[in-house]
Amino acid sequence: IEALARRASRELETFVYSSEDGVLRDEVATAGARVTVVPRRVPKLDPFWVLALASSFRRDRIDVVHTHLFGDSLHGYLAARMAGTLPVVMTLHIGPDGCTPLQLRGYRWLFSKCDAAVACSQALREAWSDWLDDPKYGLRAIPNGIDPPGDSPVSASELAEMRRELGLATTDFVVAAAGRLAKQKGYDDLILALPLMDASAARRTRLVLFGDGELREALGRQVSEAQLDEQVIFAGFRPQLPRWLQIADVVAFSSLYEGLPIVLLEAMALSKPIVTTDTPGLAHALRADEEALVVPCRDPKRLAAALDRVASDPDLRSRLGTAAQRRFSSEFTAQKMTHRYEELYRKVVPSPS
């Protein structure tokens, strides 16, 4: 959303409606969007939120509604219809395997109603197309995109201070992972992989988990029971995550399923070597052994072996990072994504009569 707002052409004005005042509000507003908090008080289906959104759409004279995630897509679609049959573009960020049976039924209904459905990666488009088994829905792929990092990298002294803040030594080999502490991310496998690494590499390896979520306590217990408290650091949510990723020697993804996570693109843009599971949303973005080391899902031994390879081979780290950055520049920039969405908006908005 932030990238779309920043890169949108001058004739497009971006409004963002949120049910709560989130941590990224200032960044989205600074990017050029008008942010409105429309409180939601009823879980699941909230008819009052639908009414409030519809009123906001009419007040702001919205031309097209762009929704994300299942609950917001359902409420956004209903509000768009109530506000005057506004066209709706729905973006999907997870595949059918990440949805409940009720959500799958709801998505099938939304596919038939929305003016355009978009998958945030080609792999996700293929997964949904296979599940739908019907070409009439016209699902398309518009890969996520972000702006490249700024021209001023973090200095060596700043990196050293950031490491000290997290309790890291300059000689530590840092594996970073970022995202919600949820089952989807497979962080239990990443923790299991640490003691399976080569003994010399394992001693100097530190795993830094950026993010928070419902599994924070369970993962903490796993770390303590495995006596890995000195090796695993729960860094919590950090604004300006790309800045913090620069402390990493490698960025790891142990996910069970994904769409196309923004943190993957951030790591690619920063030329970080990447180790990832072969879940399609990740593996389709990076070619195995060219732009990343790719291992099977739910295989801590193979994950440990891949981390051993990058820990012991600086040339491999450099090669993977350079190739990943090149791939990012050719496929996943915010400029490319915004251009594709603007074309889609113009296609679904009725021409003035």
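Pro-96 counts as buried, because its relative accessibility is 14% and the limit for a buried residue is under 20%. This value, like every other given here, is computed from a predicted model. Pro-96 is located in the loop that connects strand 4 to helix 5 (101–113). Beyond its neighbours within four places in sequence, Pro-96 is in contact with Leu-104, Ala-127, Trp-128 and Trp-131. One of these residues, Ala-127, stands 31 residues from Pro-96 along the chain, yet the C-alpha atoms of the two are separated by 7.1 Å.

The strand that precedes this loop leads to the first sheet to be considered. Strand 4 belongs to an open sheet of four strands, arranged in the order 3-4-5-6 with parallel pairing. The edges of this sheet are formed by strand 3 (65–68) and strand 6 (140–141), each of which pairs on one side only. Strand 5 (residues 116–119) runs parallel to strand 6 and is joined to strand 6 by two bridges. Within this pairing, Val-118 has Arg-140 of strand 6 as its bridge partner.

Two helices lie across this sheet. Helix 4 (residues 70–82) lies across strand 3 and strand 4 (88–92), and its direction makes an angle of about 160° with strand 3. Helix 16 (residues 334–348) lies across strand 3, strand 4, strand 5 and strand 6, running at about 145° to strand 4.

Attention may now turn to the surface. A nonpolar patch is formed there by Val-42, Phe-48, Leu-51 and Met-82, which together have about 380 Å² of accessible area. One member of the patch, Leu-51, lies in helix 3 (residues 47–59). Leu-51 counts as partly exposed, because its relative accessibility is 46% and this class lies between the limits of 20% and 50%.

A further open sheet is made of six strands, in the order 9-8-7-10-11-12, again with parallel pairing. Its edge strands are strand 9 (232–236) and strand 12 (293–295), each pairing on one side only. From one strand to the next, the twist of this sheet averages 25°. Strand 10 (residues 250–253) and strand 11 (residues 274–277) run parallel and are joined by three bridges. In this pairing, the bridge partner of Ala-252 is Val-275 in strand 11.

Notes:
Residues are numbered from 1 along each chain as its sequence is written. This is a predicted model: local features need pLDDT of at least 70, side-chain atom pairs count only at pLDDT 80 or more; totals for chains, interfaces and linings use all residues. Side-chain values use heavy atoms; hydrogens and water are left out. Two strands pair if DSSP finds at least two bridges between them. Contact means heavy atoms within 4.5 Å. Axes are lines fitted to C-alpha atoms, for helices over the stretch in contact, and angles run from 0 to 180 degrees between N-to-C directions. Buried means under 20% relative accessible area, exposed over 50%, partly exposed in between (1.4 Å probe, protein chains only). Patches are made of residues with over 30% relative accessible area and no salt bridge: like charges are joined within 9 Å, nonpolar side chains (Val, Leu, Ile, Met, Phe, Trp, Tyr) within 5 Å. Accessible areas come from the Shrake-Rupley method with a 1.4 Å probe; for residues, only the protein chains shown count as cover. A salt bridge is a side-chain nitrogen of Lys or Arg within 4 Å of a carboxyl oxygen of Asp or Glu.
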